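Please look over the structure shown here. A short report on it follows.

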Amino acid sequence: MNVKKWVLQHFPTVKKDEEIGNALRKMREFSCDYCIVLDENDKFEGVVYKSSIRDSELDEKIDMYVTFPDFYVVEDSNVEEAALMLIENKDQVLPVVNNNAEVIGVLTVQEVLEAFIELSAMDEQGTRIILELEDKPGELKRVIDVLANNKMNILSILTLKDENKRQISIKIQCEDPESVANLLEIYNIKYISIIEEEGF
């Protein structure tokens, strides 16, 4: 899913020729430990972190403390890629830029977690089915066909490889776990758990 849906658009920016005191003030204002740094044309220049300037003089220019990140994403990147970059970078913020190198927002771990809550349909009311299937073509299709043929709308599907099997999490638009269990038993589909989720 595209990162644009979850991009945080309210974030601190400073120009590279501004003073450290101004950057620290903006960090306090936004309750964060970073500022996105822009050049004279408002293009992405890098990031300055509180940890790198905390012992500097307030009237120093920040340009000596700006780092250009190894990881940033463009606006048409997907959120899974952003999550991987945050893990690899072990940093707190991921700048998001457009094709003109203009910063359109940032992603933090918080936004990525919110994205995965939506991708897994945790925010919607329904029933979650946990299955364990053989890791081979056609296994998941059989389950999906059973649900579709019985008019059960699928809200999300997640899979996790576990040796030669796959654990499958399917969230469906149904508020009666017992009827779901009965249906799977009729078609001899073994499940680990079936849980009703209220959403929020």
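Asn188 counts as exposed, at 58% relative accessibility. Exposed means over 50% relative accessible area, buried under 20%, and partly exposed in between, with a 1.4 Å probe and protein chains only. This is a predicted model, in which local features need pLDDT of at least 70, side-chain atom pairs count only at pLDDT 80 or more, and totals for chains, interfaces and linings use all residues. Residues are numbered from 1 along each chain as its sequence is written, and side-chain values use heavy atoms, with hydrogens and water left out.

Asn188 is not a glycine, yet its phi is positive. Glu163 also is not a glycine and has a positive phi. The table sets out both residues.

| Residue | Phi | Relative accessibility |
|---|---|---|
| Asn188 | about 55 degrees | 58% |
| Glu163 | about 55 degrees | 70% |

Asn188 sits in the loop between helix 6 and strand 10. Glu163 sits in the loop between strand 8 (154–162) and strand 9. Helices (H or I, at least four residues) and strands (E, at least two) are DSSP runs, numbered from the N terminus.

Asn188 also helps to line the largest pocket, together with residues including Leu131, Glu139, Arg142 and Tyr191. The volume of this pocket is about 160 Å³. Strand 7, helix 5 and strand 10 (191–197) each give two or more residues to the lining. By class, the lining holds six nonpolar, one polar and four charged residues.

Leu131 belongs to the largest nonpolar core too. A nonpolar core is a set of buried Ala, Val, Leu, Ile, Met, Phe, Trp, Tyr and Cys residues joined through side-chain atoms within 4.5 Å. The largest one has 17 residues, and Ile129, Leu131, Leu147, Ile172 and Val180 have the most contacts inside it. Strand 7 (126–134), helix 5 (139–149), strand 9 (165–172) and helix 6 (177–186) each supply at least two of its residues. Helix 6 gives the largest share, four residues.

Ile172 has contacts (heavy atoms within 4.5 Å) beyond its neighbours within four places in sequence, among them Ile129, Leu147, Met152 and Val180. A second, separate core has 14 residues, including Val73, Leu94, Leu107 and Val112.

What does UniProt list for "domain: CBS"? The unreviewed entry gives residues 7–64 and 66–124. Residues 7–64 are 26% helix and 24% strand, with end C-alpha atoms 28 Å apart. Residues 66–124 are 37% helix and 19% strand, with end C-alpha atoms 42 Å apart.

How values were computed: UniProt positions are given in the numbering used here, feature names are shortened, and annotations may be inferred rather than shown by experiment. Contact means heavy atoms within 4.5 Å. On a 1 Å grid over the protein atoms alone, a cavity is a set of points where a 1.4 Å probe fits but cannot get out, and a pocket is an open set with protein on both sides within 12 Å along at least five of seven lines; lining residues have an atom within 4 Å of a point. Grid points are joined across faces, edges and corners, and a volume is the space filled by probe spheres set on the points. Ala, Val, Leu, Ile, Met, Phe, Trp, Tyr, Cys and Pro count as nonpolar, Asp, Glu, Lys and Arg as charged, and the others, Gly among them, as polar.
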